[in-house]
Amino acid sequence: MEENGNVVPQEVKGWNWGAFMYNWIWGIANKTYLPLLVLIPIFNIVWIFIIGFKGNEWAWQKGDYKDVETFKAVQKTWNIAGIVSFILSIAGILLYFFFIAAIIAGLANSSYSSYSY
């Protein structure tokens with residue numbers, strides 16, 4: 001694929017955690033504005049995966065990188081931030097459900113113990 005005369009090297013292609021997690025912010029920072037479509041409700045559920053998959057290619061085409069190593073160094077920062085955010089999000093979701101389950105279990109136990117026979 002070629003845009004603005006920028007052929008995408010094979011080593012640039014691949015998943016980008018920064019683009020996936022920070023979609024529209026990452027898009028603005030990388031001068032690629034297709035990630036702004038994530039602001040459309042419902043559509044965004046699918047679009048974040050497309051951004052994660054195609055983000056590196058879009059950033060390479062829109063960016064003014066000297067070489068692949070420079071590009072990878074810039075995107076490595078985004079990838080690290082994205083994976084950390086993803087892990088923290090999953091941990092937060094798991095803690096939330098654990099907390100809700102603990103509250104429900106506590107309420108169930110207290111309702112059983114309030115009966116006197």
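This briefing walks through the structure shown above, topic by topic. The model is a predicted one. The protein has four helices and two strands, and along the sequence they follow the pattern β-β-α-α-α-α. Welcome aboard; the points below start with the whole chain and then visit some of its residues.

**The whole chain**

- The protein has 117 residues, and 26% of them count as buried.
- About 8000 Å² of the protein is exposed, and carbon and sulfur atoms supply 70% of that area.
- If you take the contacts between residues at least 6 apart in sequence, 66% of them join residues at least 24 apart.

**A nonpolar patch on the surface**

- Ten names make up a nonpolar surface patch of about 1000 Å²: Ile90, Ile93, Leu94, Tyr96, Phe97, Phe99, Ile100, Ile103, Ile104 and Leu107.
- To place one of these residues, look for Tyr96 in helix α4, which covers residues 68-113.

**Gly18, a buried glycine**

- Gly18 is found in helix α1, made of residues 17-21.
- Gly18 counts as buried because its relative accessibility is 0%, and the cut-off for buried is under 20%.
- In sequence, Gly18 and Trp78 are 60 residues apart, yet their C-alpha atoms are 4.4 Å apart in space.
- Setting aside residues up to four places away in sequence, Gly18 touches Asn23, Trp26, Trp78, Asn79 and Gly82.

**Asn23, a contact of Gly18**

- Asn23 belongs to helix α2, which runs over residues 23-29.
- With a relative accessibility of 11%, Asn23 also counts as buried.
- The Asn23 side chain reaches the backbone oxygen of Phe20 at a distance of 3.3 Å.
- Beyond its neighbours within four places in sequence, Asn23 is in contact with Gly18, Pro35, Val38, Ile48 and Ile51.

**Aromatic rings**

- How many aromatic pairs are there? The count comes to 13.
- One of the pairs is formed by Trp60 and Phe71, which meet edge-to-face, with 5.5 Å from centre to centre and 85° between the planes.
- This pair links distant parts of the chain, as Trp60 is in helix α3 and Phe71 is in helix α4, eleven residues apart.
- Are Trp60 and Phe71 buried or exposed? Both Trp60 and Phe71 are buried.
- Elsewhere, a single aromatic cluster is formed by Trp15, Trp17, Phe20, Phe49 and Phe86.
- Phe20 in this cluster is the residue whose backbone oxygen the side chain of Asn23 reaches.

**The salt bridge**

- Side chains of opposite charge can pair when their charged atoms come close.
- The count for this protein comes to one salt bridge.
- Which residue forms a salt bridge with Glu57? The partner is Lys54, and the closest N and O atoms of the two are 3.0 Å apart.
- Glu57 and Lys54 both sit in helix α3, residues 43-62, where they are three residues apart, or about one turn of the helix.
- Glu57 is buried, with a relative accessible area of 8%, whereas Lys54 is partly exposed at 24%.

**The loop between α2 and α3**

- Most residues other than glycine have a negative phi.
- Lys31 has a positive phi near 60°, and Lys31 lies in the loop between α2 and α3.
- Ile42 has a positive phi as well, near 70°, and Ile42 is placed in the loop between α2 and α3.
- Why does Ile42 count as exposed? Its relative accessibility is 67%, and exposed means over 50%.
- Leu36 is also in the loop between α2 and α3, and with a relative accessibility of 32% Leu36 counts as partly exposed.
- Leu36 touches Trp24 and Ile28, leaving out residues up to four places away in sequence.
- Measuring from C-alpha to C-alpha in the model, Leu36 and Trp47 are 9.7 Å apart in space, and they are eleven residues apart in sequence.

Methods:
Residues numbered from 1 in each chain as written. Predicted model: local features only at pLDDT ≥ 70, side-chain atom pairs only at ≥ 80, totals over all residues. Heavy atoms only, no water. Patch = residues over 30% accessible without salt bridge, like charges linked within 9 Å, V, L, I, M, F, W, Y side chains within 5 Å. Areas by Shrake-Rupley, 256 points an atom, 1.4 Å probe, with all protein chains shown as cover. Salt bridge = Lys/Arg side-chain N within 4 Å of Asp/Glu carboxyl O. Buried < 20%, exposed > 50% of the residue type's maximum accessible area, 1.4 Å probe, protein only. Polar contact = N/O pair within 3.5 Å; in protein donor to acceptor, adjacent residues only side chain to side chain. Contact = heavy atoms within 4.5 Å. Phe/Tyr/Trp six-rings, centres within 6.5 Å; stacked < 30°, edge-to-face > 60°.
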